[in-house]
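This briefing goes through one protein chain by topic: strand pairing, aromatic pairs, the nonpolar core and a few individual residues. Please keep the sequence and the structure in view while reading.

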Amino acid sequence: MSEKPLHSFTSHVAGKNANVSIYPDRVEWTRAGLSGGKLLAGVATLGVSTLATGVRNKDTEMIPVRSITSITTKKGLANTTVSVIVPGNTIDFRVSHGEAKTIKETLQRLML
């Protein structure tokens, strides 16, 4: 049985679109992108390897909620950036202004 997220949203993370889910114990996101290596292998094998594996890579990352030290927001013209700060890293999620408020409140509630 898979666990249902408390909140899900689409964001722009590190230059790629990402599907983000907030669970009670973690924040997970998946980014899809084209793989140059898979594309080259597809050309070399006349498309046979591409049929078997596709050309997209899916990168999945996760942050445990207990590792989050701070959450900040910064409003821009079209989007708000929600920054999730963990020791040694900051992950920025660019979302709509309304979505940013929900994300920040959800994460703060889990942190406390």
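Strand 1 and strand 2 pair in an antiparallel way, with 7 bridges between them. The model is a predicted one. Its protein chain contains 3 helices and 7 strands, in the order β-β-β-α-α-β-β-β-β-α from the N terminus.

**Strand 1 and strand 2**

- Within this pairing, Phe9 has Val20 of strand 2 as its bridge partner.
- The hairpin of strand 1 and strand 2 has 2 residues between the strands, and Ala14 in this hairpin takes a positive phi near 50 degrees.
- Side chains alternate along strand 1: His7, Phe9, Ser11 and Val13 point to one face and are buried. Ser8, Thr10 and His12 point to the other face and are not buried.

**Strands 5, 6 and 7**

- Strand 5 (residues 70-75) and strand 6 run antiparallel and are joined by 6 bridges.
- Ser70 has Ile85 in strand 6 as its bridge partner.
- The connection from strand 5 to strand 6 is a hairpin through 4 residues.
- Strand 6 also runs antiparallel to strand 7, with 7 bridges joining them.
- Val86 has Asn89 in strand 7 as its bridge partner.
- In the hairpin of strand 6 and strand 7, 2 residues lie between the strands, and Gly88 takes a positive phi near 85 degrees.
- Why is strand 6 described as largely enclosed by the rest of the structure? The reason is that 5 of its 7 residues are buried.

**Aromatic pairs**

- There are 2 aromatic pairs in the structure.
- One of them is formed by Phe9 and Phe93, in edge-to-face geometry, with 5.9 Å centre to centre and 85 degrees between the planes.
- Because Phe9 belongs to strand 1 and Phe93 to strand 7, this pair ties together parts that are 84 residues apart in sequence.
- Phe9 is buried at a relative accessible area of 7%, and Phe93 counts as buried at 1% relative accessibility.
- Trp29 and Phe93 form an aromatic pair that is edge-to-face, with 5.5 Å centre to centre and 85 degrees between the planes.
- Trp29 lies in strand 3 and Phe93 in strand 7, so the pair of Trp29 and Phe93 ties together parts 64 residues apart in sequence.
- Trp29 has 2% relative accessibility and counts as buried.
- Through these ring pairs, Phe9, Trp29 and Phe93 are linked into a cluster.

**Nonpolar core**

- The largest nonpolar core has 19 residues, and the members that touch the most others are Val27, Trp29, Ile68, Phe93 and Leu107.
- At least two residues of this core come from each of strand 1 (7-13), strand 2 (16-22), strand 3 (26-34), strand 6 (80-86), strand 7 (89-95) and helix 3 (97-111).
- Which residues does Leu107 contact, leaving aside its neighbours within four places in sequence? Leu107 is in contact with Ile22, Val27, Ile68, Ile71 and Val84.

**Thr73 in strand 5**

- Thr73 is found in strand 5 and, at 37% relative accessibility, counts as partly exposed.
- Leaving aside neighbours within four places in sequence, Thr73 is in contact with Thr80, Thr81, Val82 and Lys104.
- The C-alpha atoms of Thr73 and Arg94 are separated by 9.6 Å, while the two residues are 21 residues apart along the chain.

**Charge over a ring**

- Arg26 has its charged end over the ring of Tyr23, at 3.9 Å from the ring centre.

**Totals for the chain**

- The protein chain has 112 residues, of which 29% count as buried.
- About 7,200 Å² of the protein chain is exposed, and carbon and sulfur atoms supply 55% of this area.
- Of the contacts in the protein chain with a separation of 6 or more, 39% are between residues 24 or more positions apart.

How values were computed: Residues numbered from 1 in each chain as written. Predicted model: local features only at pLDDT ≥ 70, side-chain atom pairs only at ≥ 80, totals over all residues. Heavy atoms only, no water. Core = buried A, V, L, I, M, F, W, Y, C linked by side-chain atoms within 4.5 Å. Buried < 20%, exposed > 50% of the residue type's maximum accessible area, 1.4 Å probe, protein only. Contact = heavy atoms within 4.5 Å. Areas by Shrake-Rupley, 256 points an atom, 1.4 Å probe, with all protein chains shown as cover. Phe/Tyr/Trp six-rings, centres within 6.5 Å; stacked < 30°, edge-to-face > 60°. Lys NZ or Arg CZ within 6 Å of the ring centre and 35° of its normal. Pairing = 2+ DSSP bridges.
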